[in-house]
Amino acid sequence: MDKLVVLPALLAILPLFLILKLTFSWWVSPIQKHLKLRRCGFGGPPPSFPLGNIQEIKMKNSVNSSHGSSNLTHDIHSTVFPYFSRWQNSHGKVFIYWLGTEPFLYIADPEFLKKMSTEVMAKRWGKPRVFRHDRDPMFGNGLVMVEGNEWVRHRHVIAPAFSPLNLKAMASMMVESTNQMIDRWISQINMGNPEIDVEREVVATAGEIIARTSFGMKGQNAKEVSEKLRALQMTLFKTTRYVGVPFGKCFNVKKTLEAKKLGKEIDKLLLSVIKDRKKSSINRQSQEDLLGLLLRGNHQVDGKKFTTRELVDECKTFFFAGHETTALAISWTLFLLATHEDWQIQLRDEIREVVGDKQLDINGLAGLRKMKWVMNEVLRLYPTAPNVQRQAREDIRVDNLTVPNGTNMWIDVVAMHHDPTLWGKDVNEFRPERFMDDVNGGCNHKMGYLPFGFGGRMCVGKNLSFMEYRVVLTLLLSRFSFKLSPGYNHSPSIMLSLRPSYGLPLIVQPL
Ligand code: HEM
């Protein structure tokens, strides 16, 4: 056929094709999915396509900023997730909501979660593709996001990095970095300024700790990766974006490009660390930090090594996951201790008894029982990982309901940790003693307390975070007392993790 005829015909068909594609992905397909979920028995707030329920979710920001109060309540669910709190009132603890054209099954019912997780083993769970795509500059295809046999392979190589022997080797680096922070604080206090933004300080120190303990990085490189990750986090989570809406990235091109650029800069920095390690003799001495293990990383079954892309993604994943959550747990602890002086004194007494004037002995830290109750209670009231996500990779049957293949799941940890039907009337009070004789803190369902997730995909760095928590707090409480600064504004918010929106200024006094 004549080119002169074909080309105009194609140009005429193209807009028609685009209109059909848009109509299908914005309206036909989501409405089909919506009807299917209704037939499966799930209710929820009515979506309007193509945005789903994003408009209602966005309303949260205006409510929060107009309040800006200094109210010290620990009843935070309706502050950090006002839309879930509202929808729970009308639709219960399990319902469907929509991010654009992506259905999400909201779960705040531990019994439902238990039934579902007995049906599906770790390797058969998916992670929401819509988030994997959106958060690619931050996690790539690292352990948090990878699925199936690849997840088994990655987890198998990585888990030994957190063996007791390796953890012990990390302890002295933790002490060194924390002591440097303490020295900084003392100089600042000596200059007459006892108000310290403890959150900023602890996050920076935890970044340094993970950089040194897992990747052997020091100084400027580590600082740069930490700072760029923080900037990336702000870019991705500070504003509401249109995740789940087809072509949603086009609504916020500036932020999308900024995130991509930061992601690439972080990759470049980490790549140079990997290259240096490959060249260095340290690797030949079979150093067992995380990077050493990743580089040796032969999987027993298939003998496959990590590709350079996989190495970079794992380093990024661990850099972020390995410092932010622990640092925020320590920060929320200092906030709660600053407002509960009795517990500050009890912990200091315990440290005196267990550690005394001796050098910090890692084996002895396990004797800090009250500190463990405090950590558990802090992670109950302020779970620094405020939700857990999954995606169904098959139809899942729960009683007479079916969760269809492809449905995303959002498990609301904050809601479960603040649910009076699970914890009793004192649910919003800081009472570490509830963990004295019960690892589940007296919760009346064993899946109602999930600070580190659940099942085979439970947090791989849990023991490292316990150790870091004890080391840092022991050193800080042995040197200082803490009071809340009058400038503190209590406004916990979600920026992937649960953090104080305006930092955590405390008045720090040397003992
Ligand atoms: C207080 C500190 C921490 C909290 C509250 C926390 C919380 C969590 C949660 C809730 C999950 C999701 C589990 C699930 O999907 O079921 C998770 C997974 C993960 N965490 Fe942590 N975490 C902490 C510290 C750490 C540290 C120190 C590291 C690394 C050094 C780390 C690395 C990871 C990784 C890589 C995963 C993905 C595991 C997998 O999917 O196999 N986390 N964490």
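**Figure 1. Residue classes in the shell around the ligand of the predicted model**. In this predicted model, the residues of the shell around the ligand divide into 15 nonpolar, eight polar and two charged. The shell holds 25 residues, of which Gly322, Thr325, Gly453, Cys459 and Gly461 come nearest to the ligand. Two or more shell residues are given by each of the helices α15 (308-321), α16 (324-339) and α21.

**Figure 2. Surroundings of Cys459, an annotated position**. The unreviewed UniProt entry carries the annotation "binding site" for Cys459, and this cysteine is also among the residues that come nearest to the ligand. Cys459 is located in the loop that runs between α20 (420-423) and α21 (462-479). Because 18 C-beta neighbours lie inside 10 Å, Cys459 counts as partly exposed. When residues up to four places away in sequence are not counted, Cys459 touches Phe452 and Gly453, and Gly453 is itself one of the residues listed as nearest to the ligand.

**Figure 3. The largest nonpolar core and the contacts of Ile107**. The largest nonpolar core comprises 130 residues, and those with the most contacts inside it are Tyr106, Ile107 and Leu334. In soluble globular proteins, nonpolar side chains tend to be buried together. Once neighbours within four places in sequence are left aside, the contacts of Ile107 are Val94, Phe112, Leu113, Met409, Ile411 and Asp412. For the protein chain as a whole, 42% of the 511 residues count as buried, and residues 24 or more positions apart account for 76% of the contacts with a separation of 6 or more.

**Figure 4. Two pairs of residues, Thr79 with Pro492 and Arg153 with Ala415**. Thr79 belongs to helix α3 (residues 77-80) and is buried, because 22 other C-beta atoms lie within 10 Å. Although Thr79 and Pro492 are 413 residues apart in sequence, their C-alpha atoms are 7.6 Å apart in space. Arg153, in helix α8 (residues 148-158), counts as partly exposed because it has 19 C-beta neighbours inside 10 Å, where 20 or more would be needed for a residue to be buried. The C-alpha atoms of Arg153 and Ala415, which are 262 residues apart along the chain, are separated by 33 Å. As a frame for these distances, the C-alpha trace of the protein chain spans about 90 × 60 × 45 Å along its principal axes.

**Figure 5. Backbone geometry at Pro50, Asp399 and Leu496**. Most residues other than glycine have a negative phi, and most peptide bonds are trans. The peptide bond from Phe49 to Pro50 is cis, with omega near 15 degrees, and Pro50 is placed in the loop between α1 (3-39) and α2 (54-67). Asp399 is not a glycine, yet it has a positive phi of about 50 degrees; this aspartate is found in the loop between β5 (396-398) and β6 (401-403), and it is exposed, because 9 other C-beta atoms lie within 10 Å. Leu496, likewise not a glycine, has a positive phi of about 75 degrees and is found in the loop between β9 (492-495) and β10 (497-500). With 17 other C-beta atoms within 10 Å, Leu496 is partly exposed.

Methods: Residues numbered from 1 in each chain as written. Predicted model: local features only at pLDDT ≥ 70, side-chain atom pairs only at ≥ 80, totals over all residues. Buried ≥ 20, exposed ≤ 12 C-beta atoms within 10 Å, placed from the backbone. Contact = placed C-beta atoms within 7 Å. UniProt positions renumbered as here; feature names shortened; annotations may be inferred. Helix = DSSP H or I, 4+ residues; strand = E, 2+ residues; numbered from the N terminus. Near = placed C-beta within 6 Å. Nonpolar A, V, L, I, M, F, W, Y, C, P; charged D, E, K, R; others polar. Core = buried A, V, L, I, M, F, W, Y, C linked by C-beta atoms within 7 Å.
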